[in-house]
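Welcome, and please open the structure in your viewer. We will go from place to place, with a selection to make at each stop.

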Amino acid sequence: MSVRHALLAFLSEGPKYGLQLRQEFEKSTGDVWPLNVGQVYTTLQRLERDELIESDDRGEEAGPQKVFRITEAGRKELDTWLNTPPDTIEPPRDELVIKVLAALHVPGVSVHDVIQVHRRYLVELMQQWTRLKEDEAESDMPFALVVDAELFRLDSVVRWLDTAEGRLKRAVLEAPSAKPGPIIRRRLVARR
Amino acid sequence: MSYLELRRVSKSYGAGATEVHALSEVDFAVERGSFVAVMGPSGSGKSTLLTIAGSLEEPTSGEVVINGDALSSMSRNDKARLRRRTVGYVFQDFNLLAGLTAAENVSLPLELDGLSAKKAHLAAMTALEELGLADRATHYPDELSGGERQRVAIARAIVGDRFLLLADEPSGALDSSNGEAVMRMILAACRRGVAAVVVTHDAQLASWADRVVFIRDGWIVDQTVPPPTPESLVADLPEPSPRQ
């Protein structure tokens with residue numbers, strides 16, 4: 001989560017105080033991401049230094065009385081950020097993927113049991129998020145969006161575990177292949 | 001006491017070399033007011049578990065007990081009555097009768113059970129109202145959206161005094177917001193005292209349940225523990241990244 005760009009987004013609505021920005025940030029994320037005051041003012045100072053925002057009095061330290069407004073350069077930066085895809089081209093080194101890959105090599109360990117342990121944990125986590133949605137989300141749009149995002153993220157991991165388990169079961173029936181992996185795989189490995 | 005109980009239930013199809021074990025010594029219980037999801041991949045036995053729980057199929061061995069009555073000790077007629085009066089089914093493809101309106105689809109099982117047409121209609125309207133479908137009562141299934149059809153199917157499953165709701169991928173053909181609406185309805189029925197079993201391969205749907213049971217190759221391999229309070233989840237969240 002880019003606090004810097006979130007603050008620019010709030011300032012694009014009009015001039016605001018630092019404390020007001022903190023409240024709006026927390027409200028907009030359904031109070032799921034708390035933000036401390038120090039982090040707000042440090043970020044505002046950097047934004048001002050980079051001339052993406054300006055304040056009434058450039059001489060004062062960032063504080064509760066100071067009103068901040070977005071500059072033209074800030075609007076351009078915000079627009080570029082909103083429309084730039086996050087860096088998702090390279091797969092991250094996912095710890096769960098590594099655990100499952102490692103489990104394939106450990107004698108006496110069933111990779112299916114390892115997969116199930118993680119699947120159960122993820123579904124329990126999803127149950128907790130769904131309870132939050134059941135209780136509160138209908139009346140709180142930002143919170144509902146955050147909860148949905150988390151549920152879809154966890155769901156994608158469960159789907160990967162399901163797919164991995166199916167692939168492992170089928171692999172038992174098939175002879176191991178000596179062919180090298182496809183070019184894209186070798187390139188990804190080489191880039192690391 | 002559990003409202004639905006499966007005791008060491010096994011189910012096999014075929015014989016000899018072609019014998020397939022769909023369920024193996026399954027122990028499974030659902031209380032009234034409780035919502036249980038059974039999660040597993042295709043071919044894991046989850047739909048077989050549901051049809052046996054609803055007395056649509058006989059187990060090869062083991063016992064099914066509904067509201068204290070063992071199905072094996074019931075006559076064919078008693079089982080048919082149990083299915084009409086006690087058990088509601090919801091399927092992925094809704095299974096509504098095309099020539100009947102929404103209200104008629106919901107009241108049909110009550111009329112089949114001997115209730116007068118007037119009383120059955122009143123009960124159907126009450127069920128449709130509870131699910132926000134009163135204004136669709138006179139519409140035929142092909143005049144309803146997919147989400148509305150499934151809500152009618154849920155109304156049919158819980159109308160009257162049905163206290164066991166069995167659903168097989170009830171939102172499989174729906175988009176995620178309609179799927180969520182269906183799960184909210186099933187949950188609401190449970191809060192009124194219905195015992196519900198939903199089988200699904202979808203973790204997001206399963207996460208609406210109080211308990212999720214995992215089935216693999218006919219065996220129940222695991223289940224979730226009751227979740228802690230929602231507050232603890234938010235309290236444990238990490239601070240946002242200071243990355244700029």
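Before we start, one term for later: a crossing of two helices is right-handed if the near helix is turned clockwise from the far one by less than a right angle, and left-handed if it is turned anticlockwise. Please also keep in mind that this is a predicted model.

**Stop 1: chain A as a whole.** Select chain A and colour it by secondary structure. You should find eight helices and three strands. Going from the N terminus, their order is α-β-α-α-β-β-α-α-α-α-α. Chain A has 192 residues, and 21% of them are buried.

**Stop 2: the sheet.** Now select the three strands of chain A. They form an open, antiparallel sheet in the order β1-β3-β2. Which strands are at the edges? In chain A they are β1 (16-17) and β2 (53-55), each paired on one side only. Next, pick β3 (residues 67-70) of chain A, which is joined to β1(A) by two bridges. To see one partner pair, show Tyr17(A) together with Val67(A), its bridge partner in β3(A).

**Stop 3: helices against the sheet.** Add helix α1 (residues 3-11) of chain A, which packs on the sheet and touches β1, β2 and β3 of that chain. The direction of α1 makes about 90 degrees with that of β3(A). Then add helix α3 (residues 37-49) of chain A, lying across β2 and β3 of chain A. Helix α3 runs at about 105 degrees to β2(A).

**Stop 4: a helix pair in chain B.** Move to chain B and select helix α5 (residues 146-158) and helix α6 (residues 176-191). Their axes are 10 Å apart and the helices pack at an angle of about 15 degrees. Because angles under 35 degrees count as roughly parallel, α5(B) is described as roughly parallel to α6(B). Here the term from the start comes in: the crossing of α5(B) and α6(B) is right-handed.

Show side chains where the two meet. On α5(B), the contact residues include Gly147(B), Arg151(B) and Ile154(B); on α6(B), look for Val182(B), Met185(B) and Ile186(B), among others. The residues of this contact of α5(B) with α6(B) divide into seven nonpolar, four polar and one charged.

**Stop 5: Glu130(B).** Finally, select Glu130(B), located in helix α4 (residues 117-130) of chain B. Is Glu130(B) buried or exposed? It counts as partly exposed, because it has 18 C-beta neighbours inside 10 Å, while 20 or more would make a residue buried. Now add Ala188(B): its C-alpha atom is 9.8 Å from that of Glu130(B), although the two residues are 58 apart along the chain.

Terms used
Residues are numbered from 1 along each chain as its sequence is written. Chains are lettered from A and ligands numbered from 1 in the order in which they are written. This is a predicted model: local features need pLDDT of at least 70, side-chain atom pairs count only at pLDDT 80 or more; totals for chains, interfaces and linings use all residues. Helices (H or I, at least four residues) and strands (E, at least two) are DSSP runs, numbered from the N terminus. A residue is buried if 20 or more other C-beta atoms lie within 10 Å of its own, exposed if 12 or fewer, and partly exposed in between; C-beta atoms are placed from the backbone. Two strands pair if DSSP finds at least two bridges between them. Two residues are in contact if their C-beta atoms, placed from the backbone, lie within 7 Å. Axes are lines fitted to C-alpha atoms, for helices over the stretch in contact, and angles run from 0 to 180 degrees between N-to-C directions. Angles under 35 degrees count as roughly parallel, over 145 as roughly antiparallel, 65 to 115 as roughly perpendicular and the rest as oblique. Ala, Val, Leu, Ile, Met, Phe, Trp, Tyr, Cys and Pro count as nonpolar, Asp, Glu, Lys and Arg as charged, and the others, Gly among them, as polar.
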